[in-house]
Amino acid sequence: MLHLELGVLLGLVAWTLVGASLITWWYKPPVDQALSCSPMVQSALTDFSRYQLIAAGAGAALVMIVSALVRRKPAAVASPTTSTAPRTP
């Protein structure tokens, strides 16, 4: 399961770093035009990728904090003298 989580994390980071450039390249007109919206698309996708990476980091931090708090909670250990089974005479 750790390999799956690591693969998802690496995929998220890789797409965040190169995704905006690839999408901008894909939709860029073949001829540079004066009225091209390519720079605005590049800026918007870069901002989106940055916010996506920040949200992923914040989510990971939140999960780590919650899991650390849950693990610290001591489990109630039943003592051998307190059994829930009925006693036979």
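**Reading a two-helix model**

Tutor: Start at Val-13, which has a relative accessible area of 30% and is therefore partly exposed (from 20% to 50%; under 20% is buried, over 50% exposed; 1.4 Å probe, protein chains only). This is a predicted model, where local features need pLDDT of at least 70 and side-chain atom pairs pLDDT 80 or more, while totals for chains, interfaces and linings use all residues. Numbering starts at 1 along each chain as its sequence is written, and side-chain values use heavy atoms, without hydrogens or water.

Student: Where is the place of Val-13?

Tutor: Helices and strands are DSSP runs numbered from the N terminus (helices H or I, at least four residues; strands E, at least two). Val-13 sits in helix H1. The protein has 2 helices and 0 strands.

Student: Which residues form a nonpolar patch on the surface?

Tutor: A patch joins residues with over 30% relative accessible area and no salt bridge (nonpolar Val, Leu, Ile, Met, Phe, Trp or Tyr side chains within 5 Å; like charges within 9 Å). Here, Val-13 is one of the members, and others include Leu-6, Trp-15, Trp-25, Trp-26, Tyr-27 and Leu-53. Together the patch has about 1300 Å² of accessible area (Shrake-Rupley method, 1.4 Å probe, for residues with only the protein chains shown as cover). Helix H1, residues 2-27, gives the largest share, 11 residues.

Student: How much area does the protein expose?

Tutor: About 8100 Å². Carbon and sulfur atoms supply 72% of that area. Buried residues make up 8% of the 89 residues in the protein.

Student: What does helix H2 reach from its first C-alpha to its last?

Tutor: The expected span is 1.5 Å times one less than the number of residues. Helix H2 covers residues 38-72, which is 35 residues. From first C-alpha to last, helix H2 reaches 51 Å, close to the expected 51 Å.

Student: Which residues in H2 are buried?

Tutor: Ser-38, Leu-45 and Ser-49 are buried there. Take two of these in turn.

Student: Why does Ser-38 count as buried?

Tutor: Ser-38 counts as buried because its relative accessibility is 13%. Now look for its partners. Ser-38 is in contact (heavy atoms within 4.5 Å) with Thr-24 and Lys-28, leaving aside neighbours within four places in sequence. Lys-28 is 10 residues from Ser-38 along the chain, and their C-alpha atoms are separated by 5.9 Å.

Student: What does Ser-49 touch?

Tutor: Ser-49 touches Thr-16 and Ala-20, with residues up to four places away in sequence not counted. Ser-49 lies in helix H2. Its relative accessible area is 8%, so Ser-49 is buried.

Student: Is Ser-43 buried or partly exposed?

Tutor: Partly exposed, because its relative accessibility is 39%. Ser-43 has its place in helix H2. Ser-43 and Ser-21 are 22 residues apart along the chain, with 9.8 Å between their C-alpha atoms.

Student: How many salt bridges does a search of the whole structure find?

Tutor: A salt bridge puts a Lys or Arg side-chain nitrogen within 4 Å of an Asp or Glu carboxyl oxygen. The search finds 1. Asp-47 forms a salt bridge with Arg-50, and the closest N and O atoms are 3.1 Å apart.

Student: Why are Asp-47 and Arg-50 separated by about one helical turn?

Tutor: Because they are 3 residues apart in helix H2. Now check exposure. Asp-47 counts as partly exposed at 29% relative accessibility. Arg-50 is also partly exposed, with a relative accessible area of 44%.
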